[in-house]
Amino acid sequence: MIKFHFPISVHKHLSQLLSQTIHITPPPRAERREFTRKRHRQRQAMAPNAKVVQALSQAESAPGEKGTAYEALLANIKNLSSPASAVDDLNAIVDSFFGQSLGVVSTRAVLGSFVTTLKSLENQDVWIEVGTRTLSVLASQPSSFLDAAATLCELVATARESNEDFFGAAKMLAEIPLDSSQRKVTDEEKARVWIRIVRNYLEEDDSTAAETYVNKLKNMMHMIADQDLTLHFGLSQARIQDAKRDFLSAAQRYHEISLSPAIADEERLHTLAMAIKCAILAPAGPLRSRMLGRLYKDDRAVQLAEFGILEKMFLDRLLSQAEVDSFAEGLQPHQLATTSDGSTVLAKAVVEHNLLGASRLYSNIGFEALGSLLGLDADRAEETTARMIEQGRLVGRMDQLDGIVWFEGGEASGEKGSGRAEVVAGKEMRRWDANVESLADEVENVTNSLQKEFPDFVAANLVI
């Protein structure tokens, strides 16, 4: 079975990625960055190691092909350099071989050895300092070293991810040359980089920047065979839709991922729980009802703590405040955010659900009584009811003079305007016509019976 991992230096299970809040507390990260800057200033004050300076002098004065001498120096760097001077030593080596005009072929070979040596040091601070400076040097060179630049960008991004500098990692990954005519990059390689950028932006709660790269990925994911990339793309879409409060679409994405046999059972259950949470938070109406139906009929749902509230919502039963509070404890901060009208996303979803539940219990109800049932004042209850009828999520009509809402049986279509009184009026007229016809039939039956029993009476009194 494939384990669902993301190619960040610190690998995490899908369940951990889903359960963590998107917001990262800034003070610790700010302290780490300040600490990195202080160490960087300390290193700037140091000079290259004397052994490295001597080896560079020998390489620069070597007769003939100097590239071999630089490669030998890099192969022996651990013996010549020290951890304290590693940054300055490597920077000095870069400055030296780029200053020797070795030629494109030799420079490319030396640069490849340099990148391999930098990787082998396994020091993330060195990767960031040396990698960033080397990239600035390469920026002034001809576009003949794009492979090395791409490798350095990935190396620096990996180090930044380990330091939880996700924004810096995303920026660095975005600098990888993917569309150059001098460097062939497959669609799968592009997708891998872009998905990594998306995930980093999501860690910084920047769903807008993340969505930019998701939109790029949409045009190529149908050509990607890697199942891991496909799953990560679907998860990224779900998280963006979740962050943007498009809960119905997010629920559908999470549910699709939870059905994938490529991830572990525990992770699938966790993703199913995310789907249930998003479906409950979605606006009440026929679309959400269908989504709740799919989740309710999923045999795995009964294993989850969210099943109780899922069942009540699916069966249009009224929710108590205690049940809502218990459910809210498992939500992420953005799912509890305050909307423009001052209520939370959850409170709004519960009010709309309870209004639908009330429509199953009552044929009509006054706004005052409805507000008491929903925990709102009469004006807010009227406003909520009018909006749901207008949006086609509730079938009914309102008598504002008498302060009463009349609920009609059947399901709303979900189309805007389909639940308004104009649609119901046609049904009321047909019902009125049927009642008048029935009354006329009864009068005629009574008249016929009188003619049979009392013909003289009928002849004397019947007015035609």
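Guide: Two strands pair if DSSP finds at least two bridges between them. Keep that in mind as we look at this predicted model. In strand E3, Phe-407 is the residue that stands opposite Gly-396.

Visitor: How do you know that E2 and E3 pair?

Guide: Count the bridges. E2 and strand E3, which covers residues 404-407, have four bridges between them, and the rule asks for at least two, so they pass. Their pairing is antiparallel. Another partnership to look for is Arg-397, whose bridge partner in E3 is Trp-406.

Visitor: What makes E1 and E2 edge strands?

Guide: Strand E1 (364-366) and strand E2 (396-399) each pair on one side only. The three strands form an open sheet, in the order E1-E3-E2, and the twist from one strand to the next averages 20°.

Visitor: What takes a positive phi in the hairpin of E2 and E3?

Guide: That's Gly-403, with a phi near 70°. The hairpin has four residues between its strands.

Visitor: Which helices lie on the sheet, and how are they turned?

Guide: Helix H20 (residues 367-374) lies across E1, E2 and E3, and runs at about 90° to E1. Helix H21 (residues 378-390) packs on the sheet too, touching E2 and E3, with its direction at about 140° to that of E2.

Visitor: On to helix pairs, then. Why are H14 and H15 called roughly antiparallel?

Guide: Their axes cross at roughly 160° and come within 8 Å. Anything over 145 degrees counts as roughly antiparallel, so H14 (residues 247-258) and H15 (residues 265-281) earn the label. Their crossing is left-handed.

Visitor: Where do H14 and H15 meet, and how do the residues divide by class?

Guide: Among the residues of H14 in the contact are Phe-247, Tyr-254 and His-255, and those of H15 include Arg-268, Leu-272 and Cys-278. By class there are eleven nonpolar, three polar and one charged. Arg counts as charged, so Arg-268 of H15 belongs in that class.

Visitor: What makes H3 and H6 roughly parallel?

Guide: Helix H3 (residues 50-61) and helix H6 (residues 86-98) pack at about 15°, with their axes 10 Å apart. The limit for roughly parallel is under 35 degrees, so H3 and H6 are roughly parallel. This crossing is right-handed. Val-52, Leu-56 and Glu-60 of H3 touch Asp-89, Ala-92, Ile-93 and Ser-96 of H6, a set that splits into four nonpolar, one polar and two charged.

Visitor: And why is H16 called oblique to H17?

Guide: Helix H16 (residues 286-296) packs on helix H17 (residues 307-314) at about 135°, with the axes 10 Å apart. That angle isn't under 35, isn't over 145 and isn't in the 65 to 115 range, and the rest count as oblique. So H16 is oblique to H17. The handedness of this crossing is left-handed.

Visitor: Which residues make the contact of H16 with H17?

Guide: H16 brings Arg-288, Ser-289, Leu-292, Gly-293, Leu-295 and Tyr-296, while H17 brings Phe-307, Leu-310, Glu-311, Met-313 and Phe-314. The classes come to seven nonpolar, two polar and two charged. Gly counts as polar here, so Gly-293 goes with the polar residues.

Visitor: One last thing. Why is the pair of Phe-167 and Tyr-201 called edge-to-face?

Guide: Their ring centres are 6.1 Å apart, and the cut-off for a pair is 6.5 Å. Their planes stand at 70°, and over 60 degrees counts as edge-to-face, so that's the name the pair gets. The two rings link distant parts of the chain: Phe-167 sits in helix H10 (residues 166-174) and Tyr-201 in helix H11 (residues 187-203), 34 residues apart. A search of the whole structure turns up eight aromatic pairs.

Definitions and conventions. Residues numbered from 1 in each chain as written. Predicted model: local features only at pLDDT ≥ 70, side-chain atom pairs only at ≥ 80, totals over all residues. Heavy atoms only, no water. Axes fitted to C-alpha atoms, helices over the stretch in contact; angles between N-to-C directions. Helix = DSSP H or I, 4+ residues; strand = E, 2+ residues; numbered from the N terminus. Left-handed = near helix turned anticlockwise from the far one by under 90°. Contact = heavy atoms within 4.5 Å. Phe/Tyr/Trp six-rings, centres within 6.5 Å; stacked < 30°, edge-to-face > 60°.
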